[in-house]
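Thanks for sharing this one. Here are some friendly notes to read alongside the model.

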Amino acid sequence: MLDQLINVLRSVWSVWVMVFFCGIVLWAYVLTPKATMEAHGQIPLRDDENEER
């Protein structure tokens, strides 16, 4: 019984990895507010403005 379950889980491991990856992408680009993502993207630009030359 346990051997059959392990064999089934081995055969679908790539599907689980793909679902996990798609979940991360969905969370990052759809569920996270756009303003938060833009603020994180501006961090390197703000660091350059504060840098002394």
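How much area does the protein chain expose, and what percentage of it do carbon and sulfur atoms supply?

1. Please keep in mind that this is a predicted model. The protein chain exposes about 5,400 Å², and carbon and sulfur atoms supply 67% of that area.

2. On the overall fold: the protein chain has 4 helices and 0 strands. Following the sequence, the pattern reads α-α-α-α. Of the 53 residues in the protein chain, 4% count as buried.

3. Helix α2 covers residues 13-31. With 19 residues at 1.5 Å each, α2 should span 27 Å, and its end C-alpha atoms lie 26 Å apart, so the two values agree. α2 is also hardly covered, as the count of buried residues among its 19 residues is 1.

4. Do look at the surface for a nonpolar patch formed by F21, V25, L26, W27, Y29, V30, L31 and M37. Together these residues have about 900 Å² of accessible area. Helix α2 gives the patch its largest share, with 7 residues.

5. V30 is a handy residue to click on. It belongs to helix α2 and is also a member of the nonpolar patch. Is V30 buried or exposed? V30 counts as exposed because its relative accessible area is 57%, and the cut-off for exposed is over 50%.

6. One general reminder for viewing helices: an α-helix has 3.6 residues a turn, so residues three or four places apart point the same way.

Definitions and conventions: Residues numbered from 1 in each chain as written. Predicted model: local features only at pLDDT ≥ 70, side-chain atom pairs only at ≥ 80, totals over all residues. Heavy atoms only, no water. Patch = residues over 30% accessible without salt bridge, like charges linked within 9 Å, V, L, I, M, F, W, Y side chains within 5 Å. Areas by Shrake-Rupley, 256 points an atom, 1.4 Å probe, with all protein chains shown as cover. Salt bridge = Lys/Arg side-chain N within 4 Å of Asp/Glu carboxyl O. Helix = DSSP H or I, 4+ residues; strand = E, 2+ residues; numbered from the N terminus. Buried < 20%, exposed > 50% of the residue type's maximum accessible area, 1.4 Å probe, protein only. Expected span 1.5 Å × (residues − 1).
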